[in-house]
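Colleague: I am new to this structure. Please take a close look at one chain and tell me how it is put together.

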Amino acid sequence: MKAEYLMRRAFYSFLAFMVSLTLTFVLLHLMPGDYLHSILPYLAEKNPDAARMFREQFGLNRSISEQYLLYVVNVVRGNWGYSFLYGLPVLAVIEEKLRWTLVILFPSTVLSILIGMAVGAYSGWRNGSKTDLSVLNFMIFVGAVPSYWWAMLLILIFGFHLNLFPLGGYASIEALDVGVRISDVLRHAALPVTALTISSVPGTYYLMRNSTLQTTGEEYVLTARSKGLREMEILRHHALKNAMLPMVTVIALELAQMIMGSVFVETIFSWPGLGLLTFEALRVRDLPLLQGIFLMDTLMVIFANIAADLSYPLIDPRVKVGENV
Amino acid sequence: MSRKSAFSAGLFILGAYILVALLSSVITPYSPTALVGRPLDGPSDTHLLGTNDLGQDIFSRLLYGTRATLIIGLLGALLSVLVSTLVGTVSAYYGGGVDEVITRSVDVLMTLPSFPLLLVLTIFFAPSIFVISGLMGVLGGTQGIRIIRSQVLSLVEANFVYGAKAIGAGDLRIMTRHILPNVLPLATVKFVFAAQRYMLMGVGLGFLGLGDPSVVDWGQMISRAYYNGGFALGLWWWLIPPGIAVTLLSVALALLGYGLEEEIDPRLKRSVAI
């Protein structure tokens with residue numbers, strides 16, 4: 001059962017990966033106008049030799065089917081092509097930028113999960129009370145404000161007017177002399193992390209509230225209450241663990257959502273991560289890089305989903321891997 | 001604020017936005033694209049919110065921008081709900097092989113990161129607001145198929161459906177007359193939340209420079225103000241109004257959505273939470 005399930009899961013993940021690979025390949029190669037055209041519009045006319053060399057260098061002179069086969073084989077082997085913009089292997093560029101993205105994505109994911117779950121659990125437990133309703137309304141409002149607007153407001157208030165944090169980038173200009181210092185990077189990361197956290201807390205909160213709400217009617221809660229346990233104790237030891245199970249999938253999917261949010265936040269803060277890289281690649285039509293980023297996003301979603309599935313039994317021993325939850 | 005008044009407030013604000021969008025060519029003092037004043041003028045009697053770096057009237061552009069944003073949000077949401085309701089209903093009603101194929105395809109499609117895909121698709125097709133909303137609708141629709149499908153699965157087993165079958169009603173009649181009305185409340189809630197999401201995404205695409213360059217849109221206004229000096233010079237009347245316009249519309253749709261959700265409670269709440 002377990003082996004069969006894992007096999008099926010792996011097969012579907014592989015299928016999804018191939019679909020996304022093929023889809024981007026087809027789309028990006030059918031696209032009118034290429035990199036050369038958007039960077040140096042008249043080069044092909046003025047200097048056909050240079051244009052030909054560029055095409056040969058990146059294999060664009062081969063037939064589409066040949067390019068596709070080569071791409072598939074190379075991707076599996078770990079060669080994701082070369083970025084037009086950087087002139088480096090796509091995977092190397094992505095790897096470096098991904099590290100910077102994780103610097104802000106990891107703390108904000110942890111923070112938003114902790115805050116969202118804690119406030120959501122409390123709100124759901126006190127369902128219908130004044131506190132619950134005002135927190136709920138507040139969260140609806142926070143969630144309705146787009147992430148790019150939070151990011152700009154944060155810069156405008158804390159960066160521009162109060163001058164507490166830098167306006168963007170990942171290190172000060174002094175880094176040229178003294179090297180990149182961790183404290184300096186943290187100061188630069190503070191606002192982007194806050195923006196990402198603010199924009200993803202309401203989603204976690206709302207689901208945790210709903211999830212906790214459902215446990216309040218359960219019989220084990222009634223039992224615990226009749227034993228004379230204090231409310232917060234029931235919430236902590238009995239309700240919370242059961243409410244957390246549906247959250248695992250949500251968190252996995254939220255990670256994928258955060259990648260999207262990071263495109264805006266990183267662009268606004270000039271944070272040199274995957275999001276800003278996406279924006280750059282889009283702007284100059286760097287096809288191999290775009291393809292690589294898209295594949296990396298797909299991989300992240302796939303792994304997040306598998307991780308969520310495998311962690312169910314750890315949280316709830318009643319669940320066996322492969323059963324429908 | 002109670003749920004009911006939240007719902008009414010949302011409806012009222014949305015109504016006001018729609019009115020502005022419809023009447024924008026009548027109530028704006030200037031054409032949104034005409035160069036009507038000195039660049040970077042502050043707010044004054046002639047230009048309520050001043051002018052941008054090209055000398056265009058910001059207030060007129062703000063009102064005109066309502067159109068693009070509402071079109072993307074509402075059209076995208078309509079398409080996505082149509083796709084998910086149609087496919088979800090057919091999948092659950094017929095079951096068997098049809099259901100298997102659809103469910104498996106959705107499984108694969110769900111793994112594709114939809115926002116990066118949207119970015120790639122938008123630059124592939126020349127970005128026009130109708131194409132963008134169409135893409136959002138189809139991409140987003142796949143996410144809703146599962147939810148509608150699970151709702152219909154329980155309806156197919158309902159007595160009134162068996163009854164209709166026993167009388168000899170055709171599949172199409174059962175689906176449209178008996179199943180659809182029961183799915184409609186859920187679809188409406190999905191529609192409102194989708195409209196909110198797509199509207200924000202549309203403005204976001206404009207901000208990233210992937211919007212339709214031929215229309216006036218808030219995302220492009222924000223990006224222009226942000227990158228062309230509005231931010232650095234502290235010209236709040238240039239940067240802040242489009243942001244507030246987006247935020248207010250988004251809040252209104254959220255209030256409307258949560259109000260509606262509560263309205264069709266409790267059956268819906270359960271099916272949404274699971």
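Modeller: Here is a walk through chain B, from the whole chain to a few of its parts. This is a predicted model, where local features need pLDDT of at least 70, side-chain atom pairs count only at pLDDT 80 or more, and totals for chains, interfaces and linings use all residues. Residues are numbered from 1 along each chain as written, chains are lettered from A and ligands numbered from 1 in the order written, and side-chain values use heavy atoms, without hydrogens and water.

Start with the whole chain. Chain B has 10 helices and 0 strands. Helices (H or I, at least four residues) and strands (E, at least two) are DSSP runs, numbered from the N terminus. The C-alpha atoms of chain B fill a box of roughly 75 × 45 × 30 Å along the principal axes. Of its 274 residues, 54% count as buried. Buried means under 20% relative accessible area, exposed over 50%, and partly exposed in between (1.4 Å probe, protein chains only).

Next, the record. UniProt, in an unreviewed entry, lists "domain: ABC transmembrane type-1" for residues 66-257 of chain B. Such annotations may be inferred rather than shown by experiment; positions follow the numbering used here, and feature names are shortened. That span is 84% helix and 0% strand. The unreviewed entry also gives "transmembrane region" for several stretches of chain B, including 115-139 and 198-216. In residues 115-139 of chain B, the end C-alpha atoms lie 9 Å apart, and the span is 84% helix. For residues 198-216 of chain B, the ends lie 17 Å apart, with 53% helix.

Now look at helix α4 of chain B, residues 114-124. Here 10 of the 11 residues are buried, so α4 is largely enclosed by the rest of the structure. Among them are F115(B), L119(B) and F124(B).

Helix α1 of chain B, residues 3-27, holds V26(B). V26(B) is exposed, at a relative accessible area of 64%. V26(B) joins I18(B), L19(B), L22(B), L23(B) and I27(B) in a nonpolar surface patch of about 560 Å².

Last, the partner. In all, 44 residues of chain A are in contact with 44 residues of chain B. Contact means heavy atoms within 4.5 Å. The two chains bury about 4300 Å² between them, 79% of it on carbon and sulfur atoms. Buried area is the accessible area (1.4 Å probe) lost on putting two parts together, summed over both. Across this interface the rule finds 0 salt bridges. A salt bridge is a side-chain nitrogen of Lys or Arg within 4 Å of a carboxyl oxygen of Asp or Glu.

Terms used
Patches are made of residues with over 30% relative accessible area and no salt bridge: like charges are joined within 9 Å, nonpolar side chains (Val, Leu, Ile, Met, Phe, Trp, Tyr) within 5 Å. Accessible areas come from the Shrake-Rupley method with a 1.4 Å probe; for residues, only the protein chains shown count as cover.
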